[in-house]
Amino acid sequence: MISCVICKEGIYKDGSTTVTLERESTIIVVKAVPAMVCTNCGKYILSEEVTEYLMKLLDQAVLHGAAFEMLNYAA
Ligand SMILES: [Zn+2]
C-alpha cells in the first residue's frame with residue numbers, strides 16, 4: 001500500500017483517469033488512461049510505460065498540427 005503524497009490520507013488504487021497534455025499550440029485529452037488513483041483526493045500516478053505512450057500520442061498530435069484532440073487510451 002502506498003500513501004498519497006498530496007493528502008496523506010488516501011492510498012493509491014488501480015483505476016483510470018483522464019489526462020490533459022499540452023505542447024506548443026497543441027492540447028490533447030486522453031480518456032481511460034490506466035493509473036494509480038488516490039482513494040481520497042483523486043491525485044493519480046502514471047507508470048513510466050503509460051507516460052511514454054502518452055508522449056507518443058502528443059508527438060503525433062503535434063506532427064498533425066492539431067490544436068485539440070480527444071483520444072481514448074488504447075494499450
Ligand atoms: Zn490523496
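Helices and strands are runs assigned by DSSP, with at least four residues for a helix and at least two for a strand, numbered from the N terminus. Read in this way, the predicted model has one helix and four strands in its chain. Starting at the N terminus, the order of these elements is β-β-β-α-β. The C-alpha trace spans about 40 × 20 × 15 Å along its principal axes. Of the 75 residues in the chain, 29% count as buried. Among contacts with a separation of 6 or more, 53% are between residues 24 or more positions apart.

A good place to begin a tour is the zinc ion. Four cysteines coordinate the zinc ion through their SG atoms, namely Cys4, Cys7, Cys38 and Cys41, at 2.3 Å. Along the chain, these donors follow the spacing C-x2-C-x30-C-x2-C. Distant parts of the chain are linked here: Cys4 belongs to the segment before β1 (12-23), while Cys38 belongs to strand β2 (residues 26-38), 34 residues apart. The arrangement of donors is tetrahedral because the four donor atoms subtend angles of 106 to 114° around the zinc ion. For comparison, the ideal angle for four tetrahedral donors at a metal is 109.5 degrees. Cys4 has a relative accessible area of 2%, so Cys4 is buried. Cys38 is buried as well, with a relative accessible area of 5%.

The next stop is the strands. Thr17 lies in strand β1, and its relative accessibility of 16% explains why Thr17 counts as buried, the cut-off being under 20%. Not counting residues up to four places away in sequence, Thr17 touches Val30, Lys31, Ala32, Val33, Ala35 and Tyr44. Ala35 turns up again in the surroundings of Ile45, a residue of strand β3 (residues 44-45). From C-alpha to C-alpha, Ile45 and Ala35 are 5.7 Å apart in space, with their positions 10 residues apart in sequence. With neighbours within four places in sequence left aside, the contacts of Ile45 are Tyr12, Ala35 and Met36. Ile45 has a relative accessibility of 36% and therefore counts as partly exposed.

Charged side chains offer a further view of the fold. One salt bridge is found in a search of the whole structure. The partners are Asp59 and Arg23, whose closest N and O atoms are 2.8 Å apart. Asp59 sits in helix α1 (residues 48-64) and Arg23 in strand β1, so the pair ties together parts that are 36 residues apart in sequence. Asp59 is partly exposed, at a relative accessible area of 35%, and Arg23 also counts as partly exposed, at 27% relative accessibility.

Glu69, in strand β4 (residues 68-72), presents another case. Glu69 is buried yet lacks a salt bridge. The nearest side chain of opposite charge is that of Arg23, 12 Å away; a salt bridge calls for a side-chain nitrogen of Lys or Arg within 4 Å of a carboxyl oxygen, so this distance leaves the pair outside the cut-off. What Glu69 does have is a polar contact of 3.4 Å between its side chain and that of His64. Setting aside neighbours within four places in sequence, Glu69 is in contact with Ile27, Ile28, Val29, Ala61 and His64.

Conventions: Residues numbered from 1 in each chain as written. Predicted model: local features only at pLDDT ≥ 70, side-chain atom pairs only at ≥ 80, totals over all residues. Heavy atoms only, no water. Donors = N, O, S within 2.8 Å, 3.2 Å for Na, K, Ca; no water. Tetrahedral: all angles 85-135°; square planar, octahedral: opposite > 155°, others 65-115°. Buried < 20%, exposed > 50% of the residue type's maximum accessible area, 1.4 Å probe, protein only. Lys, Arg positive; Asp, Glu negative; His and termini not counted. Polar contact = N/O pair within 3.5 Å; in protein donor to acceptor, adjacent residues only side chain to side chain. Contact = heavy atoms within 4.5 Å.
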